[in-house]
Amino acid sequence: MGHPVVHAAAYPDKPAVIMAGSGETVTYRQLDERSNQCAHLFRSLGLKHGDTVALCLDNRLEFFDLVWGAQRAGLIYVAISCRLTASEMDYILNDSGSTALFASTYLGATLDQLQSPVKRFVLGGEHAGWASFADAVAAMPTTPIADERAGTDMLYSSGTTGQPKGVRFPLPEDPDIASPNALSGLAAMAFKFSSDSIYLSPAPLYHAAPLRWCIAVHRLGGTVVVMEKFDPEAALAAIEKYKINASQWVPTHFARMLKLPDDVRNRYDVSSLETAVHAAAPCPIPIKEAMIEWWGPVLREYYAGTEGQGITFISSEEWLTHKGSVGRPLNAVMHICDENGDDVPVGQEGTVFFESAASFSYHNDPEKTKSATNKHGWTTLGDVGRLDEEGYLYLTDRKSFMIISGGVNIYPQEIENHLVTHPKVRDVAVIGGPHDEMGEEVIAVVQPLDMADAGDALRDELTAYAREKLSGIKIPRRIDFREELPRHDTGKLYKRLLRDEYWAQQKG
């Protein structure tokens, strides 16, 4: 366990970060020095322990300079998605109380539309009205600040079901910047990460899981290889080139790699992989089966939230005998509850709750914090699922995505998991749309592999395909085609946006 400052002393020339595409590298010595410069910059801006700073960056080396700088300056750091509009970014900046924003030129005109009164620094070039981060940081010392103290993140939920909320944790009680944290312990224990890890991060760093796993690898002294942007073939090439032995994915990454032609998939040596962690969205059973067949029993799945109140875990070997499960809890007691917050019998569906000592709150939203907690003090992410006799958790769907048609509860996830395995489908979202008689009808919004296939023939093919596995009530009554679905880079689907669109059409 440790911190870049410890590893900088032990093996200064070891790569801490490598950009997968360009090969640009930062060693542990450089990361230590660069994060010190960032900590000095924060102090020069008047930022003190407990103050908040925001980052809105594409995947780049400086991301870690800023994060580790904030972490050693006792700051709360907020990572903001690059895909948000200016008004959405302003909401997070104002809600979080951020004093300074570090953003990429990549954001272009969005930078000019921001209203929030934050100190502004730009990376990756120049932008009128913004200070140059490179110039500001170059003037700072590479030695530690005098008042180091451990900081922490405050990351915002992806807003898939409403306005994003900041998940707030108290600053670590131990001011020692190198004191161990729970995630790095879990990474070592359950996911087999170590100082020998060469870890591939294919997802945007502004999201909770990629950022926190990369930080955990740095605490353990491993090397983080970051893809500038996910591409299925480039990911396989990176595994071969850097001899990646640890990695973290979401199911859409798997689906896209599996749909590569066989000759492309077989071109790359992925035998170095020892651990492929995945989470963030449920993985359809046929996709996970195909990945284990291809990569071997290296897939390790977990279920958790940004809120950090608990985590479940399942290895490939366990999953093959409990297909569809997301595992058993590692650090909490799992409960499946009815509407009154009481446990339901084993095997019955209900809302998934964690019982643990972990505490969190939704920033500036005591009502949401309260609604996530039941009368026993257990907390939920709003997911529905069931436990089997052995305590393995199976997720059904998010409660807020449930479709009620003719009084029957229908969970879209099962329908999506089947349709996405069709060879002509790249992505699919199933939502409930308005229906005069039934209340809601099942609508499938499909992104075909080739838009030229979009039409009645594919509709008929997909309907027949759905009938092979799904009961009549779950067959989509309407199938629409889109060139792209509103999916977050992390794999989460902004289903709320689609649903709002269909319901607005009815009102219109």
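These legends go with close-up views of a predicted model.

**View 1. The largest nonpolar core and its best-connected members.**
This core has 83 residues, and F42, F64, F102 and F193 are the ones that touch the most other members. Helix α8, residues 208-220, gives the core its largest share, with nine residues. If you're wondering about the background, nonpolar side chains in soluble globular proteins tend to be buried together.

**View 2. F64 and what it touches.**
Zooming in on one of those phenylalanines, which residues does F64 touch once those up to four places away in sequence are not counted? The list runs V17, L31, G69, L205, C214, I215, H218, V224 and V226. Apart from the core that F64 belongs to lies another one, of 54 residues, with A20, Y268, M291 and V442 among them.

**View 3. Helix α3 is enclosed by the rest of the structure.**
Is α3 buried or exposed? Eleven of its eleven residues are buried, so α3 is largely enclosed by the rest of the structure. That takes in charged-class names you might not expect to find on such a list, including E62, D65 and R72, along with F63, F64 and W68. Just after the helix comes G74, with a positive phi near 70°.

**View 4. Where α3 meets α8.**
Here the axes of α3 (residues 62-72) and α8 come within 12 Å and cross at roughly 75°. The two helices are therefore roughly perpendicular to each other. On the α3 side, the contact is made by F63, F64, V67, W68 and Q71; on the α8 side, L211, C214, I215, H218 and R219 do the job. Sort the residues of this contact by class and you get seven nonpolar, two polar and one charged.

**View 5. Helices α10 and α12 pack together.**
Two packed helices are described by the angle between their axes and the distance between the axes. For α10 (residues 251-258) and α12 (residues 285-295), the angle is about 65° and the axes are 10 Å apart. That makes α10 and α12 roughly perpendicular to each other, and their crossing is left-handed.

**View 6. The residues between α10 and α12.**
From α10, the contact uses F254, A255, M257 and L258. From α12 come I287, A290, M291, W294 and W295. What classes of residue make up this contact? Nine are nonpolar, with no polar and no charged residues. M291, one of the α12 residues here, is also among the members of the 54-residue core.

Definitions and conventions:
Residues are numbered from 1 along each chain as its sequence is written. This is a predicted model: local features need pLDDT of at least 70, side-chain atom pairs count only at pLDDT 80 or more; totals for chains, interfaces and linings use all residues. Side-chain values use heavy atoms; hydrogens and water are left out. A nonpolar core is a set of buried Ala, Val, Leu, Ile, Met, Phe, Trp, Tyr and Cys residues joined through side-chain atoms within 4.5 Å. Buried means under 20% relative accessible area, exposed over 50%, partly exposed in between (1.4 Å probe, protein chains only). Helices (H or I, at least four residues) and strands (E, at least two) are DSSP runs, numbered from the N terminus. Contact means heavy atoms within 4.5 Å. Axes are lines fitted to C-alpha atoms, for helices over the stretch in contact, and angles run from 0 to 180 degrees between N-to-C directions. Angles under 35 degrees count as roughly parallel, over 145 as roughly antiparallel, 65 to 115 as roughly perpendicular and the rest as oblique. A crossing is left-handed if the near helix is turned anticlockwise from the far one by less than a right angle, and right-handed if clockwise. Ala, Val, Leu, Ile, Met, Phe, Trp, Tyr, Cys and Pro count as nonpolar, Asp, Glu, Lys and Arg as charged, and the others, Gly among them, as polar.
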